[in-house]
Amino acid sequence: MQELLRQLVAGKSLSVEQAVQAFEAVMTGQASPAQTAALLALIEQRGPTVDEIVGAATVMRAHVTAVDVPAGLTVIDTCGTGGDSAGTFNISTAAALVAAGAARAAGGDIAVAKHGNRSVTSSSGSSQVLEALGVKLGVAPACSTQCLAEARVCFCFAPAHHPAMKHAAPVRAELGFRTIFNIVGPLTNPAAARRQLVGVYSSNMTETIARVLAQLGAEHAMVVHGQIPDADGRHIDGLDELSTAGPTRVSEVRGGKLATYELSPDTLGLPYSHPSALRVDSVEASAALIRRVLDGEPGPARDIVLLNAAAALRVAGLADDLEEGIARAGEAIDAEHACAALEALVKLTNA
């Protein structure tokens, strides 16, 4: 580890093999807290490379407590990096439930293995809002497998699936700033999803993460960063979702090929949303807004959920394009399939 740290101090990056070596030491407790802190700080100072992220994700995947996917099912994920500080409700979580509802309606081979954690940068993380909606967290992997089979959605609570992170957790807490682990988390789905919608906190990260996913064997992924005006409407904040309050940068990888482009909501038939309609100040407010969306309430919250669910359905192969995805997502809500997916998830996790 000392030699690798000297290399980083000298301004050089790590190869995939070296990153595997370094993060294996961290996740097995062989690295001291000081060495772990130095590793994370040095990488974060200049920004992680594709090779470093691939190496860290490879190690994290090797140590995950896995969820078995029922035979015949293909899983997708809608986990983002968080860290955008935009203060919106839990859009990707709502989109996951809507995508699961559409999958149930289609009666096919798609399910959603939603991966997430508690939030440290916003008022509500995915686990917190699902708990408020009645979902029990930290269930056994066998329960998650059953949820995939019957509800077409499960929630993989990160602390229950990444025990090796216990060695890094105290260091991360003491450092108090974002590290490579914020990026690696969404790339280590416990159900080994190879089709993903990944939101990132910076527009500069979309192509980097898309390249990482391609190296890690992704079949189809969309890496997105949306724009949303701040509370004063004068500056642009970042959003780790597709946005209906501004344009979204998308880096899409499919079959090893990468394409980057910009999306605007109006080109998809969706109105621009006022940012205030998307922001919440508590877990309870986020849960209440998600329930209203699933109950069919029209408005900006529904529109942004439709857009993000459409992207999930596209990477799942249930929609050829976003327009078809929006239509399918709307049907899943209006026919109460999304509500049924949530109800089934609540029932199964509390059984």
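A residue counts as buried when its relative accessible area is under 20%. Keep that cut-off at hand for this tour of a predicted model.

**Stop 1: Thr78**

Select Thr78. It sits in the loop between strand E1 (74-77) and helix H5. Its relative accessibility is 2%, under the 20% cut-off, so Thr78 counts as buried. Now show its side chain. It reaches the backbone oxygen of Ser92 at 3.1 Å. Next, display what surrounds Thr78. Leaving aside neighbours within four places in sequence, Thr78 is in contact with Ser92, Ala96, Lys114, Leu197 and Ala312.

**Stop 2: H5 against H14**

Move to helix H5, residues 91-106, and add helix H14, residues 322-334. Their axes come within 8 Å and cross at roughly 85°. An angle from 65 to 115 degrees counts as roughly perpendicular, so that is the label for H5 and H14. Which residues make the contact? On H5, pick Val98, Gly101 and Ala102. On H14, pick Arg328, Ala329, Ala332 and Ile333. By type, the residues of this contact are 5 nonpolar, 1 polar and 1 charged.

**Stop 3: H5 against H15**

Keep H5 on screen and add helix H15, residues 337-349. Here the axes are 7 Å apart, and the packing angle is about 105°. That makes H5 roughly perpendicular to H15. Colour Leu97, Val98, Ala100, Gly101, Arg104 and Ala105 in H5. They meet His337, Ala338, Ala340, Ala341, Leu342 and Ala344 in H15. The residues of this contact divide into 9 nonpolar, 2 polar and 1 charged. Val98 and Gly101 take part in the contact with H14 and also in the one with H15.

**Stop 4: Cys143 and Cys147**

Select Cys143 and Cys147. How many disulfides does the structure hold? The count is 0. For Cys143, the nearest cysteine sulfur is that of Cys147, 4.2 Å away. A disulfide needs sulfur atoms within 2.5 Å, so this pair does not count as one. Are these cysteines buried or exposed? Cys143 is buried, with a relative accessible area of 16%. Cys147 is buried too, at 1%.

**Stop 5: helix H11**

Go to helix H11, residues 206-215. Its buried residues are Thr206, Thr208, Ile209, Ala210, Val212 and Leu213. What covers them? The cover includes helix H4 (50-62) and helix H10 (180-184). Strands contribute as well, including E4 (195-199), E5 (220-229), E7 (248-254) and E8 (257-263). Then step past the helix. H11 is followed by Gly217, whose phi is positive, near 95°.

**Stop 6: Ser251**

From H11, go to strand E7 and select Ser251. Its relative accessibility is 0%, so Ser251 counts as buried. Show the side chain of Thr260 alongside. A polar contact of 2.8 Å joins the side chains of Ser251 and Thr260. Now widen the selection. Not counting residues up to four places away in sequence, Ser251 touches Thr206, Glu207, Ala210, Ala221, Met222, Val223, Leu258, Ala259 and Thr260. Among them, Thr206 and Ala210 are buried residues of H11.

**Stop 7: Gly238**

Finish at Gly238, in strand E6 (residues 236-239). At 16% relative accessibility, Gly238 counts as buried. Select Ile228 too, and compare the C-alpha atoms. The two residues are 10 apart along the chain, and their C-alpha atoms are separated by 6.3 Å.

Methods:
Residues numbered from 1 in each chain as written. Predicted model: local features only at pLDDT ≥ 70, side-chain atom pairs only at ≥ 80, totals over all residues. Heavy atoms only, no water. Axes fitted to C-alpha atoms, helices over the stretch in contact; angles between N-to-C directions. Helix = DSSP H or I, 4+ residues; strand = E, 2+ residues; numbered from the N terminus. Parallel < 35°, antiparallel > 145°, perpendicular 65-115°, else oblique. Contact = heavy atoms within 4.5 Å. Nonpolar A, V, L, I, M, F, W, Y, C, P; charged D, E, K, R; others polar. Buried < 20%, exposed > 50% of the residue type's maximum accessible area, 1.4 Å probe, protein only. Polar contact = N/O pair within 3.5 Å; in protein donor to acceptor, adjacent residues only side chain to side chain.
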